[in-house]
Amino acid sequence: MYNFVTEELIKKIPHVEGFTEELLPVTLTKIYAQIISLSAKYEDGEIPFDLKVLQSDGKKLNILSNTLELYLFANSQTDKRKSMAFVAATARKLLFKIKEVHEDEVLDLNYIPSDLYASLLYVISGNFADAQEVAEGFCVRREADQYVKKLYNSIKLLVSGNLHELQSLTINEPKEYNDLQQYTEWLLWKELVTGIKQFSISLLGKKAYTINSFLKVRELSVYEDKLIALRDVYVAPYILSTLFILSCEEMWSHAVINVSTPIGVKKKSWQEALKKQAVVRPFLWENHLDAISKGILNVGVSSMITYPTGAGKTTLSELKIASCLLADKRVIYLVPTHALENQVNNSLNKLTERMNMSIRNRDAEFSWFEEEEEDSTIMVMTPERCLALLCLNPEKLNNVGLVVFDEFHLVNGNFDDKRANDAMTLVVELLDIIPKADYFFVSAMVRNGADVAGWIKSVTGRECVLLDNPWKPTCQLQGCLVYNEEEINRLRKIITVSKSKNKSKNPTVALQRMLKVNPHCIFSLKSTWDDVNKANYCLVELTGRDIHLKANSEWKLSANYNYVAAEVASRYAAIHYKTIIFATKPVDANSIRNHINELLKGKNVDWIKRYESEKYNAITMELGGEKYSYLFESNSATVHHGNLLPEERIISEHYFKSKDGVNVLVATPTLAQGINLPADIVLIAGDKRFDGNSMEQIKAHEILNAAGRAGRAGFRSHGTAILIPSIIATYLDNVVKGNWMTVRDEIFSKGDRCLDIKDPLADYFNAEINVDSDLILNHFKSDVADVKRKYGKTFYAYQMSVKGRATEFNTHLDAMVGNWVENVEQPKWLSVLSAKTSVDQDLLMVFYESINVPFIANLDSQNVLYILGHLLSVMKENMELMDKFFSSSINAENARKFVLSKDINIWTESGIKKFFTLVEMYVKGLSLLEIEQTMECKQDKKLLHARQFVLKIIPDVSYTCGAFVQVLIEKLNLHEENSDLPTDIKVFASCIKEGVLTYEMLKEKYNKKYMRVECHYKCRKTKT
């Protein structure tokens, strides 16, 4: 459960009777695993403390915490202070989970409640996220006096970093009171609150660091009369003041306000920026300080960061971005998906607002860039969009000083993986065009980060720091759902007997009801699954009751993993554990959600209409009715997959995050791409998926990346990830025997960093793969010198050089380039534009030839619908090229299905006309219901066909429409015509993608954040 760094921290405690320091991480993990197992067995989630197993565990935890706290206050072994504080706090926190013992605890002069104690102990250990989580759950009695409440509140605000609210906290002088002890208590609590507020001012850089109030309380807490040898102590104020003194020392050493000015940035500007940052994020973690000490914020230093999921990579990227902006440079921020794009935009918007900078989100189609965008300091985009920018407006990259690439492992793949190919090509292009920029690559999965850092250093000629610290602020318990092998064999015999007696073709309902078994889980007690030592694994019951497996159509016992995931999730949801289930495909996610709704009937209120009514109404307009939304049936669980509209996904995330929202979110793996949601439990339903022909093993890094969603700093410091295998996993009497070991070896043994980046461009040099030499040259630019220079900067070229095979690489490249013969009949612009856009050359040439003199003469009067009509005419005359309008054969096939009957599988004139009618309906603002009703497909209850048309097909159409505009510009330039196109034509591609008719509507949609149909409605309303 604990990462290597935390394991070593735990082992450093001084000896405590009854414990072996070397085995302590395993001991604590085993207790937590027992708690997770037992929690699901009780309806209210509260485990009876008198259970025999927990009586023993509770006793151990009490001994451990009490002993270490004595060491801490005796101020002995100060070199082990962090270790003692962390283990003592963890012991107290595990006691909370065993039973809500702190509910009966009250702060007074002689007693400190466990939660208050634990929060400050975590601060002293340097684990601020744990401290925040405990503080968020502070239990303060309603009848407590105002000074106790203010003390709790001030601690909560301090450890959570909410210094702005803390500054506004009022502190009244207590009125004199007949009860002297009560009055004394108020004065002491009031002085502690004053000390917290004073210290917070220093964290904001407004005053010098001071702990005078805490020293004063500690002094006043002790009464000593030497004449009569009397010594008395107010225990709680004394201990609290001591805890605060130690806590402040640790917080000050981690204060963001103390970060030194990076090289290349003005000191005054940096200090002002830190003051603004401190208001929202005043503390840095230990790994942040380590990274900063290596100079990563300095202008001219790049980084390859392979920190684990949730280890604070965002904090470092924000500081690096701030450093770049204050050096008067601009930033490109690359993200793999639009879902992650939204999250990054929200985060960076807050950063730029604090720094009075601008941010521009760029979408994924070729389109015109407004002139005012040139000064945008941060450009957030996908790699595909950035490639388009390089092709169309390379001058827009002026003064870029930093390139951030989130989820950098996207560059990994083979040459036929378009996304990987485009991403790696983009990196090489950027290294060539802006070699003086800093590069900040981030991925939790990369194993060969040292190679990547060496590559960047060799190409840029400047330092590139590898940051691979395995520490993270959350602890994650990983497990595999298993069954007793004897029980599974018993069920298989039942199926065999039933088959021999039953004449029906398929297994009967009666048989299915008999296939019940009690699920267990094998948890690894270490961070790595790399041995067969039984002591390092823990076998526990998972639900405490039998669940159904299934006999499939071939009379084989099936894992029934989707059903099992729903059953397990419903148990944890019932006790308010936030649970994410990862399903392999959208249809499975919907099915799991529906089953959970059945299991948890009436467990949730109508949250969406209460908190997201405005956006939900817009979604209803977009779809054509409320019942067509996937959110409509999300009563006890919600879904998150590729068939949802972006706005539905955002609401779904909010619905799950909210304390009074649903406790289960069923997602497809796209959610694992960097989105942070607070989850106690992550269930992975299936480790195999259907690839069209057979079931294939999901790659280990995909599963482990999904598992990494369990736990979130500041909200869920402990997370549990459980894999439910697609093929039944079993154990024997000895835990380390059984076929579950296959899952261990293929997945869990790989560890989080399980991916060696492979350069897709390497396949161009593989003699066994036949690659057109024109493609090799046009991949970058049709110029031999450019090609040789750029290929020399690839990751593959670097790897060959490190292996001492640079000569071999260059010889191979020379031979490939030497075999190229320029096609003098083919215009250079055509090969370049086709290579850059991946749009077929024949289609581009058809576009080119369709642009005649009358077309050019009437450009000023043309609009979006006119251009669509022109493209319709072009494609009707070139039906054989219609498939080329789409990015893949799958999208082309789906597009045909939408407009052609089942018996026709090639484009017809009427089919093309109907397709463009659907596009026109989309840009005119018709609902998805109206679009689906126009299709040839049978209407789906969630408008699946219209959704796929909008989410998958329209972006392709937009992309190709953008290429048409580029061809238009090329023709105008070649014929020396005025290429100053009307604005509506310049943004033609964007209008298609966003579903609007004019540039003015496009601006309104962007600025007001309208949905498509909503935008049309608002614009019509404004006109009338």
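These exercises work through a buried lysine, two nonpolar cores and some salt bridges in a predicted model. Local features need pLDDT of at least 70, side-chain atom pairs count only at pLDDT 80 or more, and totals for chains, interfaces and linings use all residues. Residues are numbered from 1 along each chain as its sequence is written, and side-chain values use heavy atoms, with hydrogens and water left out.

**Exercise 1.** Describe the surroundings of K150.

Solution.
- Place K150: helix α7, residues 146–159. Helices are DSSP runs of H or I, at least four residues, numbered from the N terminus.
- Check burial and charge. K150 is buried and has no salt bridge. Buried means under 20% relative accessible area (1.4 Å probe, protein chains only), exposed over 50%, partly exposed in between. A salt bridge needs a Lys or Arg side-chain nitrogen within 4 Å of an Asp or Glu carboxyl oxygen.
- Find the nearest side chain of opposite charge: D145, 9.9 Å away.
- List contacts (heavy atoms within 4.5 Å). Beyond four places in sequence, K150 touches L169, T170, I171, N172 and V193.

**Exercise 2.** Compare the settings of two salt bridges, E272–K275 and D756–R447.

Solution.
- Take E272 and K275: N to O is 3.6 Å. Both sit in helix α12 (residues 267–280), three residues apart, so about one helical turn separates them.
- Take D756 and R447: N to O is 3.1 Å. This pair links distant parts of the chain, 309 residues apart.
- Add accessibility. E272 is partly exposed at 37%, K275 at 32%, D756 at 39% and R447 at 46%.

**Exercise 3.** Locate the nonpolar cores.

Solution.
- Define the term: buried Ala, Val, Leu, Ile, Met, Phe, Trp, Tyr and Cys residues joined through side-chain atoms within 4.5 Å.
- Start with the largest core, of 177 residues; L64 is among the members touching the most others.
- Helix α4 (residues 81–98) gives this core its largest share, eleven residues.
- Apart from it lies another core of 84 residues, including V839 and I985.

Note on methods. Helices (H or I, at least four residues) and strands (E, at least two) are DSSP runs, numbered from the N terminus. Lys and Arg count as positive and Asp and Glu as negative; His and the chain ends are not counted.
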